[in-house]
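Hi,

Here is the structure I promised to pass along. Have a look at it first, and my notes on what turned up follow below.

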Amino acid sequence: VKASQLLQGVKRRAGLLSGGSGRHVHIPRSWVELTLLARCKGAFRDDVLKVLFASLLTAPPSVDNIPSLFLVCETVIEWIKELGNPIPETAWSNTQILTYNISELCFWRVYNHALLHNLQGCDSFVADLNWHVENLEFVRK
């Protein structure tokens, strides 16, 4: 019950319950909270990932979101490492599908910010993210 109450609060901060507007909306904080809540396992994790996906899909682009966006990117890479082989022998689980969809949205947002030259002054974020990407086992093979 407590976890679902936390998730409702994060949905509110992400702006998913109010069309993305209001004084209560704080997208960077909601993304950080969602990455922390996603450490839970089971069906709740899938619920958290769905909220993170929806927020990444609908949040307006903002330079204020860049630091937390990089955190989400790095965290998603760690989740992908935990999931293992990107081409499993069996059908993909819901968690795998959500994780790969979230990673696509994260990197799409980073790419868009790069095209708009919004990443100036974010060299340490870019370097850290580059390190995470280079250390994915299946990328190096």
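Which residue forms a salt bridge with E78? That would be K81, and the closest N and O atoms of the two are 3.4 Å apart. Before I go on, please keep in mind that this is a predicted model, so everything here is computed from its coordinates.

**Salt bridges**

Searching the whole structure turns up 3 salt bridges. E78 and K81 make one of them; both sit in helix α4, 3 residues apart, or about one turn of the helix. E78 is partly exposed, at 29% relative accessibility, and K81 is partly exposed too, with a relative accessible area of 32%.

E33 turns up in a salt bridge with R13, where the closest N and O atoms are 2.8 Å apart. That pair ties together distant parts of the chain: R13 belongs to helix α1 and E33 to helix α2, with their positions 20 residues apart in sequence. E33 also forms a salt bridge with R29, this time with the closest N and O atoms 2.9 Å apart. Here both partners are in helix α2, 4 residues apart, which is about one turn of the helix. Put together, R13, R29 and E33 are linked in a network of salt bridges.

Is E33 buried or exposed? It counts as buried, because its relative accessible area is 17% and the cut-off for buried is under 20%. R29, by contrast, is partly exposed at 45%. If you set aside the neighbours of E33 within four places in sequence, E33 is in contact with V10 and R13.

**The core**

How many residues does the largest nonpolar core have? It has 33, and the ones with the most contacts inside it are W31, L52, L56 and C106. Five helices each supply at least two residues of this core: α1 (2-14), α2 (27-37), α3 (43-58), α4 (66-83) and α5 (94-115). The biggest contribution comes from α4, with 9 residues.

W31 is a good residue to click on if you want to see this for yourself. Not counting residues up to four places away in sequence, W31 touches L52, S55, L56, A59, N65, S68, L69, V72 and R109. Two of those, L52 and L56, are also on the list of residues with the most contacts inside the core.

**Cysteines**

You may well ask about disulfides, so here is that part. The count comes to 0 disulfides. Why does C73 not pair up with C106? The closest cysteine sulfur to that of C73 is the one in C106, and at 4.2 Å it is too far for a bond, because a disulfide needs the two sulfur atoms within 2.5 Å. Seen from the other side, C106 is in no disulfide either, with the sulfur of C73 as its nearest cysteine sulfur. Both residues are out of reach of the probe: C73 counts as buried at 0% relative accessibility, and C106 counts as buried at 0% as well.

**Helix α5**

A few residues in this helix are worth a look. H113 lies in helix α5 and is buried, at 4% relative accessibility. Leaving aside its neighbours within four places in sequence, H113 is in contact with S62, V63, I66, L69, N118 and L119. L69 also turns up among the residues that W31 touches.

Y100 is in helix α5 too, and it is buried, with a relative accessible area of 15%. Y100 and L57 are 43 residues apart in sequence, and their C-alpha atoms are 14 Å apart in space.

W108 is another residue of helix α5, but this one is exposed, with a relative accessible area of 53%. Which residues join W108 in a nonpolar surface patch? They are Y111, L115 and L116, and together the four make a patch of about 480 Å².

That's what I have for now.

Cheers

Terms used. Residues numbered from 1 in each chain as written. Predicted model: local features only at pLDDT ≥ 70, side-chain atom pairs only at ≥ 80, totals over all residues. Heavy atoms only, no water. Buried < 20%, exposed > 50% of the residue type's maximum accessible area, 1.4 Å probe, protein only. Core = buried A, V, L, I, M, F, W, Y, C linked by side-chain atoms within 4.5 Å. Contact = heavy atoms within 4.5 Å. Salt bridge = Lys/Arg side-chain N within 4 Å of Asp/Glu carboxyl O. Patch = residues over 30% accessible without salt bridge, like charges linked within 9 Å, V, L, I, M, F, W, Y side chains within 5 Å. Areas by Shrake-Rupley, 256 points an atom, 1.4 Å probe, with all protein chains shown as cover.
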